[in-house]
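This report goes from the place of single residues to the metal site and then to the chain as a whole. Please keep the sequence and the model open while reading.

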Amino acid sequence: MILTVATAPFEGQKPGTSGLRKKVTVFREPHYAENFIQSIFDSLEGYEGQTLVIGGDGRYYNADVIQTAIRMAAASGFGRVMVGQNGLLSTPAASHLIRKYKAFGGIILSASHNPGGPDGDFGIKYNAGNGGPAPEKLTDAIYARTKAITTYRITTSPDIALGRIGETRLGSMVVQVVDPVADYAQLMQALFDFDAIRDLIASGFTMKFDAMGAITGPYAQRILEGMLGFPAGTVMNGIPLPDFGGHHPDPNLVHAKELVDIVMPPGGPDFGAASDGDGDRNLIIGRGMYVTPSDSLAILAANATLTPGYAKGLAGIARSMPTSCAADRVAEKLGIGAYETPTGWKFFGNLLDAGKATLCGEESFGTGSNHVREKDGLWAVLMWLNVLAKRRQSVAEIVTAHWREYGRNYYSRHDYEEVDAEAANGLMKALREQLPSLVGQHGIAMADDFSFDDPVDGSRTTHQGIRLIFADGSRIIYRLSGTGTAGATLRVYIERYEPDASRHAIETQAALADLIALSRALAGIEARTGRAAPTVIT
Ligand code: VG1
Ligand code: CO
């Protein structure tokens, strides 16, 4: 039976950088998730009888909202939902299923790298038929709908068993429970030279992958240990847990410290990698060498033709604005397009769909390609393995050789987390007002608030971060996070280009020290937020 339930709008159901993210306690308010899901459906047209992919990263509350979403899809007239076994799907795997099976779209339950558990975060995101996050036009429509909603529709049926692969019916809708890993693993096999990686392993190459108690555990076990033959135990923290085993599933040097401490010292494995809550981020480290995500994008692009999936070369490379310019130098050398987009994967969708970009990346540990429409953690790991298998050099050798050829973009991001929202907005406003007067000072050649004109559909997105660009190409960028759930997070991105190879071995914070000091002084960070130092440095 289908119920029409009366409801009233909630404040603040505005999708951020990647979907709606709130505390679990907020999502548990009666009707909260239902309102948002109904607002998604109400903003779509022509889905009746079509397929909806549903899955999540397994975090606390996932199991509840999966059932709600299935009932609401049935009540709204979808013909089929394709749901990952036990409600699990990594974000890139969900993107792949949407594309492969020509689904109308998908609902992904995740707050990605944010902590989970009853006091942690939860999130809901809609992906369109191209497999990518809803573009701004759609998220704006969804938000508008959340402010006007009066009813939602849901079936009164009991919970669907999601433990066993197969099909059941819910009214006139088919519920298809699928193996969350199989299709994705097949895609990876088509893109990368698994035989070459097996040879590399046979030569004694070792690695450690940290799934951080999150979604990539089953994917990494099946692909790395199962298909490629890395020894059991290569994957650590491999069981997805509702609270990620207490981990903060954000694969950076701070939160993946357990892995870093294993891989960095002499005698550690050759290669280390980690992924985040929903499987779309990646951390890449070699023995004694951390690869910044910005460098990783550039290096993968420069070596892409060593892999079967990209053997014919790249159409172009896209990076988010705050990501370092290292990839631009590779694009220039290859004679291909280089694109600069606002933060968030949704801005890569059009470039990928139009065939203008093949590889994309963000400084926030996100790398991906046109194989799906999300960033993809394991994909990046496998591409690195394929490159390592072909070059037979260490990660450190590959990275330093890249710097020698292209120069090094020293790069760091300083996050000031959970600062007072008013103070953060005031800081950004004051910077914006200062922009014209900053040019000419401290070697600043250009200062603006970044706007993006989408070269494919002509849409314009404004206020995407304050950029200070120096005459020598250095950059300081300020923006406020769009994924946090408490207060505001100020992100400051600092970059300096060093062409001279004899100066490539400086510790990053030292190499950037002058710019870091300037970034704090110009914005008056301490005076405005009370923070003398960032909470996280990556
Ligand atoms: C952050 C990152 C951004 C990324 C987004 C979603 O957004 O900076 O690059 O696309 O998270 O990643 P923000 O607005 O907080 O800076 V995930 O893995 O959380 O979906
Ligand atoms: Co993520």
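In which helix is the place of A380? A380 has its place in helix 13, which covers residues 377–391; helices here are DSSP runs of H or I with at least four residues, strands are runs of E with at least two, and both are numbered from the N terminus.

The model is a predicted one, in which local features need pLDDT of at least 70 and side-chain atom pairs count only at pLDDT 80 or more, while totals for chains, interfaces and linings use all residues. Residues are numbered from 1 along each chain as its sequence is written, chains are lettered from A and ligands numbered from 1 in the order in which they are written, and side-chain values use heavy atoms, with hydrogens and water left out.

**A380 and its surroundings**

A380 counts as buried because its relative accessibility is 0%, where buried means under 20% relative accessible area, exposed means over 50% and partly exposed lies in between, computed with a 1.4 Å probe on protein chains only. When neighbours within four places in sequence are left aside, A380 is in contact with N282, I284 and T367, a contact being heavy atoms within 4.5 Å. A380 and N114 are 266 residues apart along the chain, and their C-alpha atoms are separated by 21 Å.

**The cobalt site**

The cobalt ion (ligand 2) has as its protein donors S112 (OG), D276 (OD), D278 (OD) and D280 (OD), which lie 1.9 to 2.1 Å from the ion. Donors are N, O and S atoms within 2.8 Å of the metal (3.2 Å for Na, K and Ca), and water is not among the atoms, so sites may look incomplete. Along the sequence, the spacing of these donor residues is S-x163-D-x1-D-x1-D.

Of the donor residues, S112 lies in the loop between strand 5 (105–109) and strand 6 (121–127). S112 has a phi near 55°, which is a positive value in a residue other than glycine, and at 3% relative accessibility S112 counts as buried. Both D276 and D280 are buried as well.

G279 is found in the loop between strand 12 (271–274) and strand 13 (283–286), and it counts as buried at 2% relative accessibility. Not counting residues up to four places away in sequence, G279 touches P92, I215, T216, D376, G377 and L378. From G279 to N127 the C-alpha distance is 16 Å, with their positions 152 residues apart in sequence.

**Loop residues with some exposure**

H31 is found in the loop between helix 1 (24–27) and helix 2 (32–42), with a phi near 80°, a positive value in a residue other than glycine. Two glycines can be placed beside H31 in the table.

| Residue | Loop between | Relative accessibility |
|---|---|---|
| H31 | helix 1 (24–27) and helix 2 (32–42) | 28%, partly exposed |
| G246 | strand 11 (235–236) and helix 9 (257–263) | 63%, exposed |
| G530 | helix 18 (525–529) and strand 26 (536–537) | 58%, exposed |

The C-alpha atoms of G246 and G213, which are 33 residues apart along the chain, are separated by 8.2 Å. For G530 and A423, 107 residues apart along the chain, the C-alpha separation is 9.3 Å.

**The chain as a whole**

The secondary structure of the protein chain comes to 18 helices and 26 strands. Its radius of gyration is 23 Å, which agrees with the value near 24 Å that a compact globule of 538 residues would have; the radius is taken over C-alpha atoms, and the globule rule is 2.2 Å times the number of residues to the power 0.38. Along the principal axes, the C-alpha atoms fill a box of roughly 70 × 60 × 40 Å.

Buried residues make up 60% of the 538 residues. Among contacts between residues at least 6 apart in sequence, 72% join residues at least 24 apart. The protein chain exposes about 19400 Å², of which carbon and sulfur atoms supply 51%, the areas coming from the Shrake-Rupley method with a 1.4 Å probe and, for residues, with only the protein chains shown counting as cover.
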